[in-house]
Amino acid sequence: MIKILLISDTHSYIDNDILKYVKQVDEVWHAGDIGDLKVTDAIKKLKPLRAVFGNIDDNKARIEFPENNRFMCEDVDVWITHIGGYPNAYNMRVREEIKRNPPKLFICGHSHILKVMPDKKLRLLHMNPGAVGKHGFHKIRTMLRFTIDGSKIDNLEVIEFNKR
């Protein structure tokens, strides 16, 4: 069983409150808009990190991280990208591939809106952890924590921080 912390849209922001949760998991996944690489450097000092670059990220982040990160976590096919859309409204950039070869877990960021929802047509779970950074229109900073055990995605928790 692997415990995962899913974050997105840090926009160069990292603090001890976030890092406290990083220390409690096995891996951290970042769904883009990292901002300053000091964010990912701080996480990598503590735990393994899987990440993608987002639309605000500079060339340094784009060299270090891919636009799409597709991998197996235990028996779960995972696809992380920054701008991915939602079930029945996937972004044009991923739409054909996700229909042709859907993962079991599709993760994106960008909207700053936390959503977890099934795509019954493609039989996948869609997750967007919202935004944990302080830049953007969101009022509450959010992250997700969950486990993957074999082919089972379980123990999903929403982590909220005080209004920014």
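A salt bridge is a side-chain nitrogen of Lys or Arg within 4 Å of a carboxyl oxygen of Asp or Glu. Keep that in mind as you work through this predicted model.

**Exercise 1.** Work out which residues are linked with R70 in a network of salt bridges.

*Solution.*
- Step 1: Start at R70. The side chain of R70 meets that of D77 in a salt bridge, with 2.7 Å from N to O.
- Step 2: Now try E97. Its side chain and that of R100 form a salt bridge too, at 2.9 Å from N to O.
- Step 3: Put them together: R70, D77, E97 and R100 are linked in a network of salt bridges.
- Step 4: Place this in the full count, which is 10 salt bridges in the structure.

**Exercise 2.** Find how far apart E97 and R100 are along their helix, and decide whether R100 is buried or exposed.

*Solution.*
- Step 1: Both residues sit in helix 4 (residues 92-100), and because they are 3 residues apart, about one helical turn separates them.
- Step 2: Exposed means over 50% relative accessible area. R100 has 59%, so R100 is exposed.
- Step 3: Check the partner as well: E97 has 29%, so E97 is partly exposed.

**Exercise 3.** Do the same for K44 and D41: which helix holds them?

*Solution.*
- Step 1: The salt bridge between K44 and D41 has its closest N and O atoms 4.0 Å apart.
- Step 2: Both are in helix 2 (residues 38-44), 3 residues apart, which is about one turn of the helix.
- Step 3: K44, at 40% relative accessibility, counts as partly exposed, and D41, at 37%, is partly exposed as well.

**Exercise 4.** Classify the ring pair of Y21 and F161, then that of Y90 and F106, from the angle between the planes.

*Solution.*
- Step 1: Look over the whole structure, and you get 5 aromatic pairs.
- Step 2: For Y21 and F161, the planes are at 85° and the centres 6.0 Å apart, making the pair edge-to-face.
- Step 3: This pair links distant parts of the chain, 140 residues apart: Y21 is in helix 1 (residues 16-22) and F161 in strand 12 (residues 152-163). Y21 and F161 are both buried.
- Step 4: Y90 and F106 have planes at 85° and centres 5.6 Å apart, so they are edge-to-face.
- Step 5: Y90 belongs to strand 7 (residues 89-90) and F106 to strand 8 (residues 105-107), so the pair ties together parts 16 residues apart in sequence.
- Step 6: Buried means under 20%. Y90 has 5%, so Y90 is buried; F106, at 0%, is buried too.

Methods: Residues are numbered from 1 along each chain as its sequence is written. This is a predicted model: local features need pLDDT of at least 70, side-chain atom pairs count only at pLDDT 80 or more; totals for chains, interfaces and linings use all residues. Side-chain values use heavy atoms; hydrogens and water are left out. Helices (H or I, at least four residues) and strands (E, at least two) are DSSP runs, numbered from the N terminus. Buried means under 20% relative accessible area, exposed over 50%, partly exposed in between (1.4 Å probe, protein chains only). Rings of Phe, Tyr and Trp (its six-membered ring) pair if their centres lie within 6.5 Å; planes under 30 degrees apart count as stacked, over 60 as edge-to-face and the rest as tilted.
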